[in-house]
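Student: Could we look at this protein together? I would like to learn how the labels are justified.

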Amino acid sequence: MLVLLALFGCQNPCQTLCQTMADRAYECGLSVSQDELESCVLANEQPTPEWSAQCLEADDPQRLEEWWTCDEIAENYTNGAN
């Protein structure tokens, strides 16, 4: 998956969070397709400054593990959220 993000060049905090969330899903035994990851990255091309700040704060693997259970991660991807 890291190769996919490398194709997009510089990442803003929300796009980087897409990869962190995909990594968290993988830790939970879930798979995130390249299409899902690409969709997340593309959907977050131009976040507002406020949203970007929130993404930057949330992009911490340890914090995500505390905030998001594996069940919540599974629900997130099952519902198609980015």
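**Reasoning about the disulfides**

Student: Why is Cys55 called buried?
Tutor: Buried means under 20% relative accessible area. Cys55 has 4%, so Cys55 is buried. Keep in mind that this is a predicted model.

Student: What makes Cys14 and Cys55 a disulfide?
Tutor: The cut-off is a pair of cysteine sulfur atoms within 2.5 Å. From S to S, Cys14 and Cys55 are 2.1 Å apart, so the pair fits the rule. Cys14 lies in helix 2 and Cys55 in helix 4, so the link ties together parts that are 41 residues apart in sequence.

Student: Why is the disulfide of Cys14 and Cys55 called right-handed?
Tutor: Its torsion about the S-S bond is about 95 degrees, so the disulfide is right-handed. For Cys28 and Cys70 the torsion is about -75 degrees, so that disulfide is left-handed.

Student: Is Cys28 buried or partly exposed, and what about Cys70?
Tutor: Cys28 has a relative accessible area of 19%, and the limit for buried is under 20%, so Cys28 counts as buried. Cys70 has 32%, which falls between 20% and 50%, so Cys70 is partly exposed.

Student: How many disulfides are there by this rule?
Tutor: The count comes to 3. Another one of them joins Cys18 and Cys40, with sulfur atoms 2.0 Å apart.

Student: Where does pLDDT stay under 50?
Tutor: Over residues 1–7. Where pLDDT is low, the predicted coordinates should not be read in detail.

How values were computed. Residues numbered from 1 in each chain as written. Predicted model: local features only at pLDDT ≥ 70, side-chain atom pairs only at ≥ 80, totals over all residues. Heavy atoms only, no water. pLDDT = per-residue confidence, 0-100. Contact = heavy atoms within 4.5 Å. Helix = DSSP H or I, 4+ residues; strand = E, 2+ residues; numbered from the N terminus. Buried < 20%, exposed > 50% of the residue type's maximum accessible area, 1.4 Å probe, protein only.
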